[in-house]
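Trainee: I keep mixing up the labels people put on residues. Can we go through a few of them together?

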Amino acid sequence: MKSEITDIVTRAPDGQKLVDYTMKIKLYNLEGELVGQWSDDLSLFKSR
């Protein structure tokens with residue numbers, strides 16, 4: 001299994017902060033072949 005979490009941070013003109021998170025999980029068999037994968041996105045807002 002291999003996992004990865006990435007984030008992208010942006011700011012609105014009013015100072016509000018938006019963070020987009022992406023999580024990816026990949027599942028491999030013992031021979032190293034990709035068996036399946038899953039990903040999901042989550043957005044969080046934070047005000048000043």
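Trainee: Why is leucine 18 called partly exposed?

Mentor: Its relative accessibility is 22%. Buried means under 20% relative accessible area, exposed over 50%, and partly exposed in between (1.4 Å probe, protein chains only), so leucine 18 gets the middle label. Bear in mind that this is a predicted model, where local features need pLDDT of at least 70, side-chain atom pairs count only at pLDDT 80 or more, and totals for chains, interfaces and linings use all residues. Residues are numbered from 1 along each chain as its sequence is written, and side-chain values use heavy atoms, with hydrogens and water left out.

Trainee: And what makes leucine 44 partly exposed?

Mentor: Leucine 44 comes out at 42% relative accessibility, so that label fits here too. You'll find leucine 44 in strand β3, residues 34–46, while leucine 18 sits in strand β2, residues 17–28. Strands are DSSP runs of E, at least two residues, numbered from the N terminus.

Trainee: Which residues does leucine 18 touch?

Mentor: Leaving out residues up to four places away in sequence, leucine 18 touches Ile8, Val9, Thr10, Ser43, Leu44 and Phe45. Contact means heavy atoms within 4.5 Å. With serine 43, 25 residues apart along the chain, the C-alpha separation is 6.9 Å. Threonine 10 stands opposite leucine 18.

Trainee: How do you know that β1 and β2 pair?

Mentor: Two strands pair if DSSP finds at least two bridges between them. Strand β1 (residues 2–11) and β2 have 10 bridges, in the antiparallel sense, so they count as paired.

Terms used
Helices (H or I, at least four residues) and strands (E, at least two) are DSSP runs, numbered from the N terminus.
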